[in-house]
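Trainee: I'd like to go through this one with you piece by piece. Could you put it up so we can start?

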Amino acid sequence: MKYSFSGSRRHFLQANSYGLGSLALASLLQKNGLLAAPVKPDLGPETEYDLLPKQGHAPGQAKAMISLFMMGGPSQMDLFDPKPMLTKYDGKNFPGEIKYDNLAQASSKVFGSPWKFTKHGQCGMELSELLPHLGAVADDICLIRSMVSGVSNHAQGLYAVNSGRVTAGNPALGSWLTYGLGCETEDLPAYMVLSHPGGLPTFQGEHFTNGWLPALYQGTVVRATEPRILNLDPPPTLAGDGQRRQLDLLRSLNEEHSSDHPGELDLRARIASYELAAKMQTAAKEALDISDEPESVKKLYGVDDPKTRDYATRCIIARRLVERGVRYVQVLNAGQSWDQHSALITALPTNCGAVDQPSAALVTDLKQRGLLDSTVVHWGGEMGRLPVLQNDAGREKWGRDHNTFGFSQWVAGGGFKGGYVHGETDEFGHKAVVDPVHHYDWHATLLHAFGLDHQKLTYKRNGLAASLTGDQGAKVVEQLLA
Amino acid sequence: MRLITAILFLSLAREAHGESPSLTFEKDVRPLLKAHCTLCHGDEEKPKAGVDLRLRRFMDAPLESGATLLVPGKPELSELVGIIARGEMPKKGHAVPAHELEIIRQWVAQGAKTARPEPESIGNGPHITEEERSHWSFQPVKRPAVPQVAGAPEPIDAFLAVAMQREGLDFAPEADRPTWIRRVALDLTGLPPTPEEVAAFVADASPTAFEKVVDRLLASPAYGERWARHWLDVAGYADSNGYTEVDSARPHAWRYRDYVIRAFNADKPWDEFIREQLAGDELAGATHADYQAAVIDPKKLEQLTATAFLRMAPDGTGDPNDDAKLARNQVIAEQLKIVSSSLLGLTVSCAQCHDHRHDPISQEDYYRLRAVFDPAYNWEAWRAPGQRLYSLYTPAEHAKAAEIEKAAAVIDAGAREMSKKFLDEIFEVEILKLPEAEREPYRTARAIVEKDRTPEQKTLIKKYPSALALYSLDLYDPKKQEQVNAKSAEATKLRATKPVQNFVMALTEVKGQVPESKLFNRGDQEQPVRTVTPGELTILSTPDIAPFQPAALPSGSSGRRLAYANWLTSGKHPLVARVLVNRFWMHHFGRGLVNTPGDFGLSGERPSHPGLLDWLADEFVKGGWKLKPLHRSIVLSRAYRQSTANPSSLQADPENRLLSRYKVRRLEAEPLRDSILAAAGALVDKPFGPPSTIARDPAGRIVLGVDKGTITKAEAAPGGEQDFRRSVYVEVRRSKPVTVLDTFDAPVMTPHCELRPQTTVAPQSLLLMNDTFILDNARRLADRVHREFPDDETARLGRTWQLLYGQAPGESDIARAISYLRLQTATLTVHHAQNPPAAPAKGAAPLPAPDPAREALASLCQVLLSSNRFLYLE
């Protein structure tokens, strides 16, 4: 048997040099397309993995993705999916049968949306008054109103939309994309996670786990507050040549050690992580620092407003990371802050107020920079909410329970069709009835946008070819793509 | 179609064991219906559309629509098949996959048989089938015969060898001695062996060389400091309350941590260990108001301390929070999660809001289990964390303190009297400034307490505010105020002579207070539904075992937890011993025999070696629930002594389920930090007591030290010795995870940790490259080896290798290191020449001259400390 680890060496342009000179050269070569041609992914059994840029199974328009994930289940009928019937029946009994999640607090009273919807853009997309900024980019977004996962718990819902299956421990979307396509930069992690100052969302590490894919493909969490990455400064006496010599010695020790332990992928991943860390010392600091952004850009996102400052800053950072070649960026909320079982009327405007302007600005900004064509921006959570009210204890306490049979998300760029609304829920916004898009269909379509075939992107595990979509009967939803 | 047939065949073959391949309701169909249908069609009190799919015979009932649900032998006429095939059902959840529908279809075609006659009636909630009842982990532990295998005389190896042989695998060759001793030392004590220990072991030709090492390690106090950490993970140990952003401190939690460490070191039998943690208060005869006798008796105090296990869940009820009732209910829910996953290995918490979706655990079961703990928590007569602390004063100390307080109160009264006298004197002078006619009314008004004054009196006082002289003596006469202050200071001084008062954090019941336990609709405490009585999960109480019968105790405690703890540790409980030995195994080998250590239910993994698991569980219980003998047989086994190299294992079994090699894994956060300190010679062996404090430093890291920060500026001052204690003694603040530990996957307790992730990310590398923790300790290590071998570079390097890896360097290692040191020294010399140190401040001692050679050695030490060979257990 033979184990080859040559890949990790070829990964790094000049094995013995971390000097700025060679880095600059590498990035120059990369920009000019002179670096070794991207290699086809060999998805057979192997023991060698890297983050070199790879081509998909077919040409894909999307090169990078920013996922604005809204854990908790944003209420689609108050944000994206206008339902006049709800207003008509407001406070009256729901005339059909509801699939409650929480039978206990269930009420059959319809809860008409307290917010007005108006048409936006040339496409005339109807959006809620809670999302005024999104309205301004309506012609650039593809709104899916017929998402279905069918699993009512937050945990299973998250696993479904984030890692393809309803069970825990499977690789997240970002791991699959970096496994399939590698990374366009050697200076930053391929997969980065921007956490909220209030902490990680519920189910924490499940949001960015590599599951059973090699450790190389796990998300790197960036701290929510400055310093966003610790320990980026080398000790002054060793900065430059001194540290370079340390890392050279370290690599030769680790390579020897690794060759004594063939097939231990974690040892390989750690060798790679030192190489990356060395480069991040300059690259990450620069990428995460938004102080050189023009005032106009900061204003566009809302950095100047305390209400939007945090999210705006993280959206700008996400854009900067993608500009620098990071493949997949997750911008996370804390806890499950969109889970409005009660007090929806006060809580939802607060949530929207923090993210609407920055999210829309991200689309505008990427477009102005010519990056929207190659960057997928995704906005959505793990479920939606019911047309009837929950917690019938006075209107100000009304909430909505989980609904996974019809919910909304939007996606922009990367080859997705702008100014387009896909699918419909029934007249009360409960169940997807026209063109339902299951989470696995969404995944298949997304991979397709990246040029990846969801049936071919597999990893050999326990003798089987495991994939993101599995045997769930996923299909690419062509209508979503331009 | 061929694929579907293949899957069907597999699913049959899996269960068949040579029986006839005919499908039965219980084994083949009901699990499918349970996953897709019975939430609406069976589990609710009124099944939807009158269709109840819990029993086969219920399917004979006519349908409201007039269609027929089931026509045995005729799937095409059976609506059960038709409605699923047409995609009309299930309305909720995933579509039934084609291969599953095919099973249902085949079952109907075969005549819709049951395995046995169905019960006459089934009670509220879900019915438990024989198939669920026969799930492996619900069966009593049965000690299997040890297989006879050549070359594996010890039971553990024999069980493993049988499974390996089935796959054509064998053990890897034995690891060399330095490798094994490093492995076992880090595993059992969390610290690397000293070079002397390695040398002695390598030179020990006696047949008991391995045993001697193991016995020494198990007897070392460091053993408890390491292994306690594993239990503290599942218990969710923290020195702060969590839940709210305040994350207030739990200043007395450390006594529980010390209790756990001592229990491990003393090899306290686990039946006792569990009983004390679940019901130590009841064992000690203590209740909320009546605990004095318990705190003065060392044994009882230990038992009381142990109950802090039940106080580990996040508890925000002492801090401001939005919904006080919810906060209380959350404490109980989270604590139940800790108890059930740590001891039962079941995700019982899933049944808080509705019947468990996969396991036969009803919501009723959840609240019956909760009722065991209700008297101690009693959410309607809640006691916040501050009310659950018990003074450790002896009666004599109580008396002494009371006496001192009495005397101090007299002094305080004197001071107040003195102040009043001075103010009255001032008043007599001030009042003379008022017009005479207003003097008497003013005097009268002043003598009345403010709230009782008439509006006229208030107006009068407002007119001459400075005449009032009822307070602010310091403004009228600072000198007199000082006299009063001096008097008050006497009281303060006296109070300081009280005996120091310490507290134990514990769980108790209030005498005679047994709240009615209710089932809460959807887990919402605002919606109680019906009364429940304490009891074991239905699935674990088979008809012939009456698991436990709570009986009120003489102390006035309900006795529920004690009865439950006695049942759990009776040796008859099917889960407890299995769950425990599985965790022990997992910590030794990096994966459990059941690799979902917190889920032994239907959706958990099946054991890779069921016989071995049961043998270990039985051995553990028969051996008096003692862990050290178990450690001994595991680490002395052939499985544990084998090397990491086994190409055929790597090829056939990359995840190493069969254990035909020892799989390398990174050191967990605490042994990593502790090993670095130990190698540097900096580790301070100071066991027990309040935790080492932590603080945020200006770089944003959480480090050990003294918090000197302000609102605007973070600052951490060195804390001296405390900064170098073992990690288990470092403060666990849920909102402030210590950077060096957090970066290497130490868990944040929300509420606890069943299984640590092992990540490999660039921030870890950055820490090892640039963090002051690693830089400082690399320098200490360099100083240490230089001090030990001032004149012999080769010996110095040899020593460094020995300290870090437990093995001598090869010649090429030495040559490479020497060459590195030369070049690095030259680089550093240039650096210092170009960056001369700033002149010392006037009067300050001159800074020592830079020493490039020593700095180069430190930078080498840093590289070695960062190398995989050091970071990984192999």
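**Talking through chain B**

Mentor: Sure. Chain B has 35 helices and 10 strands, and keep in mind that this is a predicted model.

Trainee: What is the mean pLDDT of chain B?

Mentor: Start with the weak stretch: over residues 1-20 of chain B, pLDDT stays under 50. For those residues the model has 13 contacts beyond four places in sequence. Across the chain, 95% of residues reach 70 or more, and the mean is 90.

Trainee: And which ipTM does the model score?

Mentor: There are two scores to quote here. The pTM is 0.82, and the ipTM is 0.82.

Trainee: What percentage of the residues of chain B count as buried?

Mentor: For scale, the C-alpha trace spans about 115 × 85 × 50 Å along its principal axes. Among contacts in chain B with a separation of 6 or more, 70% are between residues 24 or more positions apart. Of the 874 residues in the chain, the buried share is 53%.

Trainee: On to His135(B): is it buried or exposed?

Mentor: His135(B) sits in the loop between helix H5 (130-133) and helix H6 (155-166) of chain B. Its relative accessibility is 6%, and the cut-off for buried is under 20%. So His135(B) counts as buried.

Trainee: Which residue's backbone oxygen does the side chain of His135(B) reach?

Mentor: Leaving out residues up to four places away in sequence, His135(B) touches Gly601(B), Leu602(B) and Arg606(B), along with Phe600(B). The backbone oxygen in question lies at 2.9 Å from the His135(B) side chain, and it belongs to Phe600(B).

Trainee: Which helix gives the largest share of the largest nonpolar core?

Mentor: That core has 243 residues, and Trp231(B), Tyr256(B), Trp270(B) and Leu278(B) touch the most other members. Those four are in chain B, but the largest share, 10 residues, comes from a helix of chain A, residues 265-288: H9.

Trainee: Which tryptophans does Trp270(B) contact, beyond four places in sequence?

Mentor: Its partners include Phe264(B), Leu580(B), Phe584(B), Phe620(B) and Leu627(B). The tryptophans on the list are Trp231(B) and Trp625(B).

Trainee: Where does H16(B) bend?

Mentor: This helix covers residues 363-377, and its 15 residues reach 19 Å from first C-alpha to last, close to the 21 Å expected. There is a bend of about 45°, with Pro375(B) following within four residues. The bend is at Ala371(B).

Trainee: How many residues of H16(B) are buried?

Mentor: H16(B) is largely enclosed by the rest of the structure. Just after the helix, Asn378(B) takes a positive phi of about 45°. As for the helix itself, the buried count out of 15 is 13.

Trainee: Tyr243(B) and Asp247(B) have positive phi too. Which of them counts as buried?

Mentor: Both lie in the loop between H10 and H11 of chain B. Phi is near 70° for Tyr243(B) and near 45° for Asp247(B). Tyr243(B) has a relative accessible area of 38%, so it is partly exposed. At 2% relative accessibility, the buried one is Asp247(B).

Trainee: Last one: what is omega for the cis peptide bond from Met89(B) to Pro90(B)?

Mentor: Pro90(B) is in the loop between helix H3 (79-85) and helix H4 (98-109) of chain B. Chain A has a cis bond as well, joining Glu226(A) and Pro227(A), with omega about -10°. For Met89(B) to Pro90(B), omega is near -5°.

Note on methods: Residues numbered from 1 in each chain as written. Chains lettered and ligands numbered in written order. Predicted model: local features only at pLDDT ≥ 70, side-chain atom pairs only at ≥ 80, totals over all residues. Heavy atoms only, no water. Helix = DSSP H or I, 4+ residues; strand = E, 2+ residues; numbered from the N terminus. Buried < 20%, exposed > 50% of the residue type's maximum accessible area, 1.4 Å probe, protein only. Polar contact = N/O pair within 3.5 Å; in protein donor to acceptor, adjacent residues only side chain to side chain. Contact = heavy atoms within 4.5 Å. Core = buried A, V, L, I, M, F, W, Y, C linked by side-chain atoms within 4.5 Å. Expected span 1.5 Å × (residues − 1). Bend = angle between axes of the 7 residues up to and from the residue. pLDDT = per-residue confidence, 0-100.
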